[in-house]
Structure formats: C-alpha cells, structure tokens
Amino acid sequence: MQERPLEDLLVRITEHTRPNACVLALLGSTGAWNSTALEGAFHDARATGRPLVVDLTGLRFGDEVLLGLLLHAYASP
C-alpha cells in the first residue's frame, strides 16, 4: 500500500472575473473529499452571468464529480 501525502489530496481553486468570462483555475487533485468546494466554486462562477472558463493545466487528478460539473457547465446556457 502506498500512502499519499496530504497535499496530493488538496485542490486550490482560484477565481478570476474578467469582463468577458469567469475563469476558474484548478490546481492539485479533485475527489469526493473536496466536491463541496468544487460545487460551490462552479455555482459562484455561474452566478456571475459570464461564460465560464476552467483552467485545468495545474490539475494532477480529476474525478467523476469534476467531470459532471464540467459537463453541466458546458450544457448550461
């Protein structure tokens, strides 16, 4: 069994509101342990009324919760 350092289980979410978009930058890993924070960030980004851009370049791992949020954001007008 291999142990994972705590920092591997964390995600940092940075929101930047631009005139033409709301950018969420995700850094780290997503999973059930931080789904509440992810859902809140996506909800707040949608509330801006701007198109959502999600920057995944700093993400090491994304689970099915993140995939569901991305699909829902894509399908929302």
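His-16 lies in strand E1 of this predicted model. Helices (H or I, at least four residues) and strands (E, at least two) are DSSP runs, numbered from the N terminus. At 31% relative accessibility, His-16 counts as partly exposed; buried means under 20% relative accessible area, exposed over 50%, and partly exposed in between, with a 1.4 Å probe and protein chains only. Leaving aside residues up to four places away in sequence, His-16 touches Ala-21, Cys-22 and Val-23, where contact means heavy atoms within 4.5 Å. Val-23, in E2, is also the bridge partner of His-16. In E3, the bridge partner of Val-23 is in turn Val-53. The C-alpha atoms of His-16 and Val-53 are separated by 9.7 Å, and the two residues are 37 residues apart along the chain.

Two statements on conventions apply throughout. Residues are numbered from 1 along each chain as its sequence is written. In this predicted model, local features need pLDDT of at least 70, side-chain atom pairs count only at pLDDT 80 or more, and totals for chains, interfaces and linings use all residues, while side-chain values use heavy atoms, with hydrogens and water left out.

**Sheet and helices**

The secondary structure of the protein comes to two helices and three strands, and along the sequence these follow the pattern β-β-α-β-α. The three strands form an open sheet with mixed pairing, in the order E1-E2-E3; two strands pair if DSSP finds at least two bridges between them. Strand E1 (11–17) and strand E3 (52–61) stand at the edges with a single partner strand each, so one side of each has no neighbour in the sheet. On average, neighbouring strands of this sheet are turned by 10° against each other, direction ignored; axes are lines fitted to C-alpha atoms, for helices over the stretch in contact, and angles run from 0 to 180 degrees between N-to-C directions.

E1 and E2 pair in the antiparallel sense over seven bridges, and a hairpin joins E1 to E2 through four residues. Strand E2 (residues 22–29) pairs with E3 in the parallel sense, over seven bridges. Individual pairings are set out below.

| Residue | Residue opposite | Strand of the residue opposite |
|---|---|---|
| Glu-15 | Leu-24 | E2 |
| His-16 | Val-23 | E2 |
| Val-23 | Val-53 | E3 |
| Ser-29 | Phe-61 | E3 |

Helix H1 (residues 35–47) lies across E1, E2 and E3, and runs at about 170° to E2. Helix H2 (residues 64–75) also packs on the sheet, where it touches E2 and E3; the direction of H2 makes about 165° with that of E3.

**Burial and long-range contacts**

Of the 77 residues of the protein, 29% count as buried. In E2, seven of the eight residues are buried, so this strand is largely enclosed by the rest of the structure. Gly-28 has its place in strand E2 and is buried, with a relative accessible area of 5%. Apart from residues up to four places away in sequence, Gly-28 touches Leu-10, Val-11, Gly-58, Leu-59, Arg-60 and Phe-61. From C-alpha to C-alpha, Gly-28 and Leu-10 are 5.8 Å apart in space, although 18 residues apart in sequence. For the protein as a whole, among contacts between residues at least 6 apart in sequence, 60% join residues at least 24 apart.

Asn-34 is placed in the loop between E2 and H1. At 8% relative accessibility, Asn-34 counts as buried. The side chain of Asn-34 reaches the backbone oxygen of Ser-29 at 3.1 Å.

**Largest pocket**

Rolling a probe the size of a water molecule over the atoms shows where empty space is left. The largest pocket has a volume of about 210 Å³. On a 1 Å grid over the protein atoms alone, a pocket is an open set of points where a 1.4 Å probe fits, with protein on both sides within 12 Å along at least five of seven lines; lining residues have an atom within 4 Å of a point. The volume is the space filled by probe spheres set on the points. Among the 13 residues that line the largest pocket, Arg-46, Pro-51, Leu-52, Ala-73 and Ser-76 are the closest to its centre. H1, E3 and H2 are the elements that give two or more residues to the lining.

Technical notes: Polar contact = N/O pair within 3.5 Å; in protein donor to acceptor, adjacent residues only side chain to side chain.
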